[in-house]
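Biologist: I should like to learn how to read the features of a structure that is new to me. May we go through them one at a time?

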Amino acid sequence: MTPTSAHAPELRAAARHFGRHVDRRRFLTTTGAAAALAFAVNLPGSAHAAEADARRITEDPFTLGVASGDPMPTSVLLWTRLAPRPYEPGSGMPFARVQVGWEVAHDERFSRIVRRGRATAHPEFHHSVHVEVSGLGPDRVLYYRFRAGSWISPVGRTRTAPLEGARVGELRLAAVSCQAYHDGYFTAYKHLADEDLDVVLHLGDYLYEYAVNATGGARGYTDRRLPALFNRETVTLEDYRLRYALYKSDPDLRAAHAAHPFVVTWDDHETENNYAGGTPENDVPPEEFLLRRAAAYRAYFENQPLRRPQRPEGPDMRLYRRLRFGRLAQFDILDTRQYRSDQAYGDGWQTPGPESEDPSRTMTGAAQERWLLDGWQGSRARWNVLPQQVTFAQRRNVPTPDFKLSMDAWDGYPASRRRVLDGARAAGIDNLLVLTGDVHVGYAFDLKEDFDDPASRTVGTEIVATSVSSGKDGADRPANWNDLTRANPHLKFYNGRRGYVTLTLTDERARADFRTVSAVTTPGAPVTTAASFVTEAGDPGLKPA
């Protein structure tokens, strides 16, 4: 059922106008449509908001914690959002600008300050704060905090990246994905916060659009009742903003953000399940979906540690970007939702055929594909890491000739996958490492030159991070474990518990440790290592560690 829309009338009118006068493909990218949508959801200054005195804030405004992201050699992005009452529309803040102080230091006690300054929390951006701190030293661990009036935020720990040409002995990172609040506790984040890491990659489904009832779904709260405003699907900007407040109020998620810098990308649920470009899951008018997409993208930016180039313009937001960690690793962060062709054969698991194998189909869009392949041509990194959303390797559902493939994954876009692999080969990329989320299980794949020929050359590695909570507790061996492992000889590991993956990169090898928890429907489960694998530099192929 399509949820009831409550978008601003002027925004709906603008979208209908552009929907009538611009064809559907151009509607997604037309400057005028984006400008109209952006205007209607307000940019700072559009309403000439007055300035409020931060000293008048009488309740803790840092209820959603702090975060940092996208580390570069001399700068890092710091984030917070002022929300004294996060479960209310407006978060308990006046519609006024507020000045927020920030500090970066070498130590947790802030006795050696590196940088300090002030930033404006704009009501149009829901009093979120994005500070791009520059002039920092490369490859440094740093601490940061914010101040609003007499209130001081929790302390966050972050780091800068090494210089682009620097030799780096080791890089430790984690990959996470899929954290449905209503499916369980974020126990994995509690353990992730205690890991020794340089950076965390979030591969999508940070938020789910589905309703959360008064007892938090599978969390089964007995000590609290969540407000009824969460018990509906997210559609409007206010809906998405409130849902981020619910998620970010979780103490384990706040702890992980405070402990490590995050590099984030989205999948589908931050907007709507399995949407493809401008095509929604449900049969709604195109202007309705673009209104929803604009609201979802706006709220995503407001609540993530993202830099200014990622700020959305209406229903468009450039999320793909590139980060480097010395000579050791280049990260090309993809967006496989915003520009993709619609899923073939109506989506789901289908028999592949002419529609899915059409060479014109794209997972990334032409511009992002060119950006990726051009970036590989210029890469001098030992490891080229591709953080993205959906399963890249071929994944047959049964070991018989009547197998089906997922039309939402790269299997539904094989020509697009072929262009990516051909581009890696043409660029001389010897150590390709694809990082994936989406499927709520842990996989380890060898990437093959020809997936239909198990004896063909191995050209890279795919590590799939299981979900933080989506899918509830899961199982070590899901019901289809035998079918999938027999049908896909390049699949070296399959586990259905919740958790995350840590990866350690050196010049010689990459190591993946699949970290799992036994339960998320009850809090406090311990973390264990379900399996570990290594792939040697220059010799792709997974081996047990």
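Biologist: How many aromatic pairs does the count come to?

Modeller: The model before us is predicted. In it, the count comes to 24 aromatic pairs.

Biologist: How is one such pair to be read, and what is the case for Y181 and Y221?

Modeller: A pair of aromatic rings is described by two quantities, the distance of the centres and the angle of the planes. The ring centres of Y181 and Y221 are 6.5 Å apart and the planes stand at 70°, so this pair is edge-to-face. The pair links distant parts of the chain, 40 residues apart. Y181 lies in the loop between β10 (171–176) and α4 (187–193), whereas Y221 lies in the loop between β11 (199–202) and α5 (237–248). Both Y181 and Y221 are buried.

Biologist: Which kind of pair do Y275 and F289 form?

Modeller: Y275 and F289 form a tilted pair, with 5.6 Å from centre to centre and 50° between the planes. This pair also links distant parts of the chain: Y275 is in the loop between β12 (262–264) and α7 (286–302), and F289 is in helix α7, 14 residues apart. Both Y275 and F289 are buried.

Biologist: Which residues do ring pairs link into a cluster?

Modeller: The cluster consists of Y181, Y185, F186, Y189, Y221, Y247 and F262, linked by ring pairs.

Biologist: Which residue lies over the face of Y221?

Modeller: That residue is R224, at 3.9 Å from the ring centre of Y221. Elsewhere, the charged end of R145 sits over the ring of F110, 4.0 Å from the centre of that ring.

Biologist: Let us turn to strands. Which way do the side chains of β3 point?

Modeller: In a regular strand, the side chains alternate between the two faces of the sheet. In β3, V76, L78 and T80 point one way, while L77, W79 and R81 point the other way.

Biologist: Are the residues of strand β3 buried or exposed?

Modeller: Six of the six residues of β3 (residues 76–81) are buried, so the strand is largely enclosed by the rest of the structure.

Biologist: In which sense do β2 and β3 pair, and over how many bridges?

Modeller: Strand β2 (residues 66–69) and β3 pair in the antiparallel sense, over four bridges. One detail of this pairing is that V66 has T80 of β3 as its bridge partner. β2 and β3 form a hairpin with six residues between them, and D70 in the turn has a positive phi of about 45°.

Biologist: How do β3 and β6 pair?

Modeller: β3 and strand β6 (residues 128–133) are likewise antiparallel, and their pairing runs over six bridges. Within it, L77 stands opposite E132 in β6.

Biologist: How is the packing of two helices read, and at what angle do α5 and α7 pack?

Modeller: Two packed helices are described by the angle between their axes and the distance between the axes. For α5 and α7, the angle is about 30° and the axes are 8 Å apart. The crossing of α5 and α7 is right-handed. From α5, the contact is made by L237, Y240, R241 and Y244; from α7, by R292, A295, A296, R298, A299, Y300 and E302.

Biologist: Where is Q304, and with which residues is Q304 in contact?

Modeller: Q304 is in the loop between α7 and β13 (321–325). With a relative accessible area of 0%, Q304 is buried. Leaving aside neighbours within four places in sequence, the contacts of Q304 are W79, H130, Y206, Y244, K248 and V264. Among them, W79 belongs to β3 and Y244 belongs to α5.

Biologist: Which sign of phi does Y345 have, and where is the place of Y345?

Modeller: Y345 has a positive phi of about 55° although it is not a glycine. The place of Y345 is in the loop between β14 (329–333) and β15 (349–350). At 30% relative accessibility, Y345 counts as partly exposed. D347, also not a glycine, has a positive phi of about 80°, and D347 too is in the loop between β14 and β15. D347 counts as buried because its relative accessibility is 16%, under the cut-off of 20%.

Biologist: Is D430 buried or exposed?

Modeller: D430 is exposed, with a relative accessible area of 52%. D430 is found in the loop between α9 (414–426) and β18 (432–436).

Notes. Residues numbered from 1 in each chain as written. Heavy atoms only, no water. Buried < 20%, exposed > 50% of the residue type's maximum accessible area, 1.4 Å probe, protein only. Pairing = 2+ DSSP bridges. Phe/Tyr/Trp six-rings, centres within 6.5 Å; stacked < 30°, edge-to-face > 60°. Lys NZ or Arg CZ within 6 Å of the ring centre and 35° of its normal. Axes fitted to C-alpha atoms, helices over the stretch in contact; angles between N-to-C directions. Left-handed = near helix turned anticlockwise from the far one by under 90°. Contact = heavy atoms within 4.5 Å.
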